[in-house]
Amino acid sequence: MAEVRFSKITKKYGDNVILNGIDVEIKDHEFVVMVGPSGCGKTTLLRMLAGLEEITSGDIHIDEVLVNNMHPSKRQIAMVFQDYALYPHMTVEENMSFALRLMKRPKSEITARVHEAASILQLTKLLKRMPKQLSGGQRQRVAIGRAIVRKPKVFLFDEPLSNLDAKLREEMRVEIAKLYQRLNATILYVTHDQVEAMTLAGRIVVMNQGVVQQVGTPIEVYRKPDNLFVAGFIGSPTMNFLHGKIAAEENALVFKNESLSLRVPEFLLPGGASNAGREVVLGVRPDDVLVGADARENASERIDGILEVSELLGHRENLYIKAGENRILATVEAFFNQSPGSKVPVRFNYPNMHVFDKKTEQRINK
Amino acid sequence: MVSPRKENQIDMDKETQRFRRKKFIKYLLIHAVIIGCAVVCVYPLLRIFSISIRPGDRVISTDLSLIPDGAGFAAYLRLLKDTMFLRWLWNSLLITVATSFIGVSLASTAAYAFSRFRFPGKKAGLILLLSTQMIPAGMLILPLFLMIMKLGLMNTYLGMIIAYSVSSLPFSIWILKGYYDTIPRSLEEAALVDGTSQVGAFWRIILPLSTPALSIAFLFNFTTAWNEYLVARVVLFSAKQYTWTLGLFELQGQFITQWGMFAAGSMLVTVPVLAVFLYSSKWLVSGLTLGSVKG
C-alpha cells in the first residue's frame, strides 16, 4: 500500500478554475473520503490521480514518486467507476482478469486471484455471466472485484454507490467498510453523499468550488466545522443558522436580530467584549435544539416559538418552528404530540453551538 | 330495468369491441401497405428470374407466367461458357472486398479520432465530410479520372480500389462516429487504468463493441462498390479488367441484346451480396453494450 500527496494542484479549463491549490496528504492504509456538492472538483482530482485528467499545475506523488506524467496503468492504482464501466463483451471472469492478462501473468495466478476476489465478493457463481445478466449491485461488486484482483497501491472509488437504490446503497456501504477492514488498503473515495462520508471515512476532505474547506475525522468535521459551508454541508438534517449581531449589555454579550435576543456564553465568543458590534451567524444542529419540557429548565435562555410542521420519521420527529422571523428545525424523540400552530418553548444546547463570522464565514469559537 | 352496474358493464363491453375493431383495421392497413411494398420489390426480381430461364426464342414474349414453357438454365450455361463472366465476377469481388476492408479500416480509425479527441478543425472536418455527400456522384467522375490517371493507375484494380474506398469514406466515418459517441468513455478509461494504451483500448474495447456499426459501414462499402458503374466505365478499358457491371453491358449489342444472358447475369450477381447480407446480419444485433454501465 502507499501514501498519496497532492501538492498545490490546480486545474483550469480556459479561464474556468476547477481546482485551486489543493494540498492533501493521504497516509498509508488510510480511507479518505472526498465529499462536496456536484461540480466542486472532487472527481476531477480523483481522475488526476488516476491519470485520466491532465494537471494544469502542481504535483501528485504516490509513495514519493512523481506521477504527473505517468501512464494510468503504471501508477499501480485501481479505479471503481460511478457507472461500473464493465466491459460488456466479456464475462465477469474476463472482466476481472483483464488487467492481469494484459500484464501477461501466468494462467494459474490469474485464476487464483480472480477466484479469491470472487469469493470475497460472493461472485463465484456469477463468473461465467455477462454484465447484462447481472443486477446493479452485482455489477458494482464485479467492478470492485476488478480492482481487487490487481492488488493496487491505491484504490480509487468514484461515487460507486450513487447509481444504486437506497437499500442496496446501504448494503454496499457496509460491504465496502468490511472490505476495507479486510484489505487494509489505501483508499480515496469520492462522494457527494455525506452519510457515506461520515460512515466510511477515516478522514474526510470537504471540498467546495475547487477549494478544500476542511480536512479531519468525521467527528471533527461534524462537531467543529471550520466554516459555514462545512457546517451546512455535513450533518443531516442541516444545521440551523441564525443571522444577527453581537451587542454588549450589562456585562454580558448578547446575540440580537430582529426578533431574537439571546445571551451568549463567553466560551462561544473568545475575545469577550471586543466582539461587540460584530455580525455573526449562530449555528445549532437540530439535535441540539431542546423543545418543550427540556426547554423549560432555564427561563432566561428560552425562546418562544410556534410549531409550524412536524414530520414523524419513526423513532425521531422533525419539528419546524418559527420564532419571530427565525425558522428553527428541531429533531426530537418521536411523538412530540403538539399540533401545528401551538406554542412551544425552545432552548439551545450552548456547549454544542457554533459561531461563525458573517463576513469571513470562518468559525469563531474554537 | 337495467341496473347501473349492468349498464356500466355493457358500456365497457362496447368500448372493448370498438377498441378491438380499431386495432384490427389498423393492422389490416399496415399489412396491406407492407404487402404492397413487398410485391413492388419482389416482382422485378421474379420477372428477371423468369426471363433468365426462358428458352432463347421467347425472351421478349409478353407471357406473364413465372416459369414459362421449356424453361431451362441454358442462358446461365452460355453466360458462363461463352463470355468472361466469371472473370468479371472475380474482378468485382476482388475490388469490392478490398474496398470494403480498406474503407472500414480507414473510417473506423478516423471516426474514433472525430469521436474522442479534441483538435483544431474537428467541426469543420466533419461538415466538410458531410458536404462531399451532397455532391452528385457524376460530378466527381472527372476529378477522379484525372487523379487516377496522374497516379498511373488507369485500368488497374488498385485505381478502382482507391476511387471506391475514398468515395464511401465520409458516410462510413459519420456512421461510426455516431456509434462511438454512444459508447461510454468510462469503458476506455477503465481499460487505460487496467493497462492498455489508447490504441489498445480502441482495439480491445471499442472495436468489439462497434460490430453493428462496422457491419453497416462494411455493407455500405460492399454494395456501393459492387454495383458501381460510372467510375468503372471511366477507369477500366480492357475487357479482362472489367467488373461485372461493365461486363454485362458487353452483352448489349448495337442491333441485338442478349436478354436471357443479361437476366442470368443479373441473377448471379445478387448471390455474393445476399451472402454478405446474411452473414453480417448476426453482427448487426444492437444492444451489445447493454449492461456495461448503469443505464
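# Exercises on a predicted model

In this predicted model, strand β1 (residues 4–13) of chain A runs antiparallel to β2(A) and is joined to that strand by seven bridges.

**Exercise 1.** Determine the order of the strands in the open sheet that contains β2 and β1 of chain A, and state which strands stand at the edges.

*Solution.* Begin with the pair already described: β1(A) and β2(A) share seven bridges. Within this pair, Ile9(A) has Ile22(A) of β2(A) opposite. Next, extend the sheet to its four strands, whose order in chain A is β2-β1-β4-β5, with antiparallel pairing. Finally, read off the edges: β2 and β5 (65–66) of chain A each have a single partner strand, so one side of each lacks a neighbour in the sheet.

**Exercise 2.** Locate Asp23(A) in the secondary structure, classify its exposure, and name the patch residues that accompany it.

*Solution.* Asp23(A) belongs to strand β2 (residues 16–26) of chain A. Its relative accessible area is 44%. Because buried means under 20% and exposed means over 50%, Asp23(A) at 44% is partly exposed. On the surface, Asp23(A) gathers with Glu3(A), Glu25(A) and Asp28(A) in a patch of negative charge. Membership of such a patch calls for over 30% relative accessible area, and the 44% of Asp23(A) agrees with that requirement.

**Exercise 3.** Describe how strand β20 of chain A is paired and which way its side chains point.

*Solution.* First, the pairing: β20(A) and strand β14 (residues 279–284) of chain A are antiparallel and share four bridges. One specific contact can be named, since His354(A) in β20(A) is the bridge partner of Gly283(A). Second, the directions: in β20 (residues 354–357), His354(A) and Phe356(A) point one way, while Val355(A) and Asp357(A) point the other way. Third, the exposure: all of these residues are buried, on both sides of the strand.

**Exercise 4.** Where do Tyr84(A) and Glu159(A) lie, what is notable about phi in each, and are they buried or exposed?

*Solution.* Take Tyr84(A) before Glu159(A).

- Tyr84(A) is in the loop between β6 (77–80) and α2 (92–102) of chain A. Phi of this residue is near 75°, a positive value although Tyr84(A) is not a glycine. Tyr84(A) is classed as buried, because its relative accessibility is 1%.
- Glu159(A) is in the loop between β7 (154–158) and α5 (166–183) of chain A. Here too phi is positive, at about 40°, in a residue that is not a glycine. With a relative accessible area of 9%, Glu159(A) is buried.

**Exercise 5.** Identify the loop that holds Pro237(A) and the form of the peptide bond that leads to this residue from Ser236(A).

*Solution.* The loop lies between α8 (228–233) and β11 (240–249) of chain A. Omega of the bond from Ser236(A) to Pro237(A) is near 0°, and the bond is cis.

**Exercise 6.** Place Leu251(B) in chain B, and compare its separation from Gly178(B) in sequence and in space.

*Solution.* Leu251(B) sits in the loop between α11 (244–250) and α12 (259–280) of chain B. Leu251(B) is buried, with a relative accessible area of 7%. Between Leu251(B) and Gly178(B) the separation is 73 residues in sequence and 43 Å in space, taken from C-alpha to C-alpha.

**Exercise 7.** Summarise chain A as a whole.

*Solution.* Chain A contains nine helices and 20 strands. The C-alpha trace of chain A spans about 80 × 45 × 35 Å along its principal axes. Of the 366 residues in chain A, 53% count as buried.

Key: Residues are numbered from 1 along each chain as its sequence is written. Chains are lettered from A and ligands numbered from 1 in the order in which they are written. This is a predicted model: local features need pLDDT of at least 70, side-chain atom pairs count only at pLDDT 80 or more; totals for chains, interfaces and linings use all residues. Side-chain values use heavy atoms; hydrogens and water are left out. Patches are made of residues with over 30% relative accessible area and no salt bridge: like charges are joined within 9 Å, nonpolar side chains (Val, Leu, Ile, Met, Phe, Trp, Tyr) within 5 Å. Accessible areas come from the Shrake-Rupley method with a 1.4 Å probe; for residues, only the protein chains shown count as cover. A salt bridge is a side-chain nitrogen of Lys or Arg within 4 Å of a carboxyl oxygen of Asp or Glu. Lys and Arg count as positive and Asp and Glu as negative; His and the chain ends are not counted. The place of a charge is taken as NZ of Lys, CZ of Arg, CG of Asp or CD of Glu. Helices (H or I, at least four residues) and strands (E, at least two) are DSSP runs, numbered from the N terminus. Buried means under 20% relative accessible area, exposed over 50%, partly exposed in between (1.4 Å probe, protein chains only). Two strands pair if DSSP finds at least two bridges between them.
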